[in-house]
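Me: I would like a close look at one part of this protein, followed outwards into whatever surrounds it. Please take the time to connect the pieces rather than list them.

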Amino acid sequence: MVNKSKNVGTAAETAIVRAARTRGFPGADRLTLTGHKDRGDIGLCPGVIIEAKGGQQAKTASDALIAKWLAETETGRINAGAAIGFLVTQRPGIGLPNAHRWWAHLTVHTFLTLLGATHAVTPPNPDTPLRMTLDSALALLRAAGYGNQHDQEDPA
């Protein structure tokens, strides 16, 4: 019996891994399931995990659902022992070959961490979600020292 939901998730994860590998993260790979101790869906590089959501639910996700998924991402980040975790959701009208254009969601706290901000910057709510393209999130991660700075193909 085919599990359509699982197939959609696998396709989304694979698309994200392919995009990441051509944008400075050659070691990006899908993570194996570990039962109740979710570690995220993708190990982007040492210290960074991604929670991936694809299909219709991801394309039409409400702010409340994004917040719920970001909380799950944080649990996965902690379980994986990673420094950074973010959520990637498929966008309407943007298929698997263009996963670099999907939405990457991260908290204000994660964003400030990547910028190297210190205690001098205190956001009103550090769990407030921010959204950018996956392409932009990967560039931000590279600027923060993650991934391979010199092993990128032209993503165009």
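Which element gives the largest share of the lining of the largest pocket, and how many residues does that share come to?

Reply: The model is a predicted one, and what follows should be read with that in mind. The largest share of the lining of the largest pocket comes from helix α1, which gives 6 residues. The lining as a whole is made up of 23 residues, and those that lie nearest the centre of the pocket are Ser5, Gly9, Glu13, Asp41 and Ala52. Besides α1 (4-21), the elements that give two or more residues to this lining are β3 (48-53) and α2 (55-59). The volume of the largest pocket comes to about 530 Å³.

To place these elements, it helps to have the overall layout in view. The protein has 5 helices and 6 strands, and from the N terminus on they follow the order α-β-β-β-α-α-β-β-α-β-α. The strands form an open sheet of 6, ordered β1-β2-β3-β4-β5-β6, in which the pairing is mixed. Its edges are β1 (29-30) and β6 (129-133), each of which pairs on one side only. At the β1 edge, 2 bridges join that strand to β2 (residues 42-45), and the two run antiparallel; there, aspartate 29 stands opposite glycine 43 of β2. Strand β3, one of the elements that line the pocket, follows β2 in the order of the sheet and is itself followed by β4.

Threonine 89 connects this region with the strands further along. It is found in β4, and, leaving aside neighbours within four places in sequence, it is in contact with Lys53, Ala58, Ile66, Trp69, Trp102, Trp103 and His105. Two of these partners, Lys53 and Ala58, fall within the residue ranges of β3 and α2 respectively. Threonine 89 has a relative accessibility of 1%, and it therefore counts as buried, the cut-off being under 20%. Its side chain also makes a polar contact of 2.8 Å with the side chain of histidine 105.

The next strand in the order is β5, which is joined to β4 by 3 bridges and runs antiparallel to it; one such pairing sets valine 88 against alanine 104. On its other side, β5 pairs with β6, again in the antiparallel sense, over 5 bridges, and here tryptophan 103 has threonine 133 as its bridge partner. Because 4 of the 5 residues of β5 are buried, this strand is largely enclosed by the rest of the structure. Tryptophan 103, which belongs to β5, touches Leu87, Val88, Thr89, Arg91, Arg131, Met132 and Thr133 when residues up to four places away in sequence are not counted. Tryptophan 103 and alanine 58 are 45 residues apart in sequence, while their C-alpha atoms are 9.7 Å apart in space. Helix α4 (residues 108-115) lies across β4 (84-89), β5 (103-107) and β6, and its direction makes an angle of about 90 degrees with β5.

A separate, enclosed space is also present, since the count comes to 1 cavity of 30 Å³ or more. The volume of the largest cavity is about 50 Å³, and its lining consists of Leu70, Thr73, Glu74, Arg77, Gly85, Thr107 and Thr110. Helix α3 (residues 63-80) gives the most to that lining, with 4 residues. Of the lining residues, arginine 77 is found in α3, where its side chain is joined to that of glutamate 74 by a polar contact of 2.7 Å. The arginine 77 side chain also reaches the backbone oxygen of alanine 82, at 2.7 Å. Apart from neighbours within four places in sequence, arginine 77 is in contact with Ile49, Ala82, Ala83, Ile84 and Gly85. Among these, Ile49 lies within the range of β3, whereas Ile84 and Gly85 lie within that of β4.

At the far end of the chain, helix α5 (residues 134-143) has Leu134, Ala137, Leu138, Leu140, Leu141 and Arg142 as its buried residues. This helix is followed by glycine 145, whose phi is positive, near 100 degrees.

Taken over the whole protein, buried residues make up 40% of the 156 residues. Of the contacts between residues at least 6 apart in sequence, 58% join residues at least 24 apart.

Key. Residues numbered from 1 in each chain as written. Predicted model: local features only at pLDDT ≥ 70, side-chain atom pairs only at ≥ 80, totals over all residues. Heavy atoms only, no water. Pairing = 2+ DSSP bridges. Contact = heavy atoms within 4.5 Å. Axes fitted to C-alpha atoms, helices over the stretch in contact; angles between N-to-C directions. Buried < 20%, exposed > 50% of the residue type's maximum accessible area, 1.4 Å probe, protein only. Polar contact = N/O pair within 3.5 Å; in protein donor to acceptor, adjacent residues only side chain to side chain. 1 Å grid on protein atoms, 1.4 Å probe; cavity = no way out; pocket = protein on both sides within 12 Å on 5 of 7 lines; lining within 4 Å. Points joined across faces, edges and corners; volume = space filled by probe spheres on them.
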